[in-house]
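I set out to record what I looked up in this structure, one entry at a time. The entries follow in the order in which I made them.

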Amino acid sequence: MDAEQKTLPPHQGETMTYSRLGALDVDIRPLDTALADPPLGAFPTEQWTAHPLPYSRGFAIDGPTAYVQAGDYAEQGIKALGTWGGMTKGRIARSKIFNYAGGRAVVRTAATTGATALVVNSLCGFRHKPTQGGLVPVSASNALAILVGGAPNTVTGVTPADAAFPDGPGTLTLGTALAGNVAAQTPVESSVAPFLIRAGGKSSTEQLTAADLPKVLDLKRGVAWMVGRGIPKFDDGTYHLHADETFSLGIVQDPLWQSQLNGAGLVSIFGMVGLFVPALGITIFETNDSPALSRGVEVSVGASPGDSVSMKDLGLDVVNSTGVGVRRAVLVGKGALVETRINQTLYWSEFGIKKIADLSPNLGLFQMGGAMFVSGELEGWVFTIQPALDIRNLKTIIGVSNVLDYTLPTDINNQTGGNKGPAAASARPIKRAVVFEWGNAE
């Protein structure tokens, strides 16, 4: 998922806050004299706090059973673990990158005049307020400005419906009592919500219909917004769009897209291998791991008929209350996502584990006490093979594990005026990606 990689250093605690310097603003004024001392400049900064967590899966192979079974049971198991690791890592990254759609929710339960809390479908983007380059939990002294159906208010606290999924559905504690009744499905938006482009210019996911499809001009708006704020492109010279197949099915219905293909001969109708998409400054990566497709056990369905369907981990609607599917794609620039991991082979030494020999560049023989095991590392995932202990216990344990976290940094371009973009955009400190939303017939 186009993530930059960092390694959590040892003996620094479970979490670490990283900072990096941005670019100084342009100054075209010459020095007063040729020998004058250069003026000192203050660098803008961006921050993120990483808290790597463990992920692991394993299985046991019984020697006699594996011998009589058809097929190579051990090889199949190792491949299955590798697939699980790759899909798990991709899902974790996906869940984090779509936080760029956060800061927008809809009211799940109607509230009356004087109420000081709102039950919403998503707490993503409402739990923290950007302060001095970092994200600080909301509180009475660190209130987050919001709009409730267009009316200003603040959030001073949040309570998730499920503590295991803090970005999912929950309750917003308001700084000011409601001046009027608020109906269910009313949109709520954070004042610092990342930039989002919704098909048809609709004000919330509740207004999306199956006719609200992605457009070429939506793509161009996303690119223009990121270029205008100095968001760097990847080394291939483009921004990367991660989208499911409904994006292609929708955008080929745009007359502007179709007109670009007239006379293109054998160029793919989707334009994925043509010249049109690269000309926009975009490389498209089709994925089946978008929020609406890979719901799994993360789906939370409302108790009443017609309620919207949200994902617990992301707090994003995947079906609105009218039954229209809500699909999303994310356009990312360089540095939009940071992966922080723990090098497991380094902390093994804390437990007295010693490397005996290198079997290959990524595979080694290790010893823990009197037991020997083989371990290898690939993309942060550590595979371990523990051989059978003796002839009476012919079971080999094969496992895979990783300790990582994905975070969104606040952005170095969060400056007012200057050459950092319009002042109105400076209130969006997380801006290295743009999310697109559109409707889809479920």
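**Notebook entries**

I began with one residue pair and found that V158 has L172, in strand 11, as its bridge partner. I note here that the model is a predicted one.

I then looked up the two strands concerned. Strand 10, residues 151–160, and strand 11, residues 170–174, run antiparallel and are joined by five bridges.

I next asked in what order the strands of the open sheet lie. I read the order as 5-12-9-10-11-6, six strands in total, with antiparallel pairing. Strand 5 (104–106) and strand 6 (117–120) stand at the edges; each has a single partner strand, so one side of each is left without a neighbour in the sheet. I also recorded the turn between neighbouring strands of this sheet, which is 40 degrees on average, direction ignored.

I followed the chain beyond strand 11 to Q185, which lies in the loop between strand 11 and strand 12 (187–190). I noted that phi of Q185 is near 75 degrees, a positive value in a residue other than glycine. Most residues other than glycine have a negative phi. I list Q185 as partly exposed, because its relative accessible area is 21% and the cut-off for buried is under 20%.

I turned last to helix 2 and checked its length. Its 25 residues, 73–97, should span 36 Å at 1.5 Å a residue, and the end C-alpha atoms are 36 Å apart, which agrees. I also looked up which residues of helix 2 are buried. They are G77, L81, W84, G85, T88, K89, I92, A93, R94, S95 and I97.

Definitions and conventions:
Residues are numbered from 1 along each chain as its sequence is written. This is a predicted model: local features need pLDDT of at least 70, side-chain atom pairs count only at pLDDT 80 or more; totals for chains, interfaces and linings use all residues. Side-chain values use heavy atoms; hydrogens and water are left out. Two strands pair if DSSP finds at least two bridges between them. Helices (H or I, at least four residues) and strands (E, at least two) are DSSP runs, numbered from the N terminus. Axes are lines fitted to C-alpha atoms, for helices over the stretch in contact, and angles run from 0 to 180 degrees between N-to-C directions. The expected span of a helix is 1.5 Å times one less than its number of residues. Buried means under 20% relative accessible area, exposed over 50%, partly exposed in between (1.4 Å probe, protein chains only).
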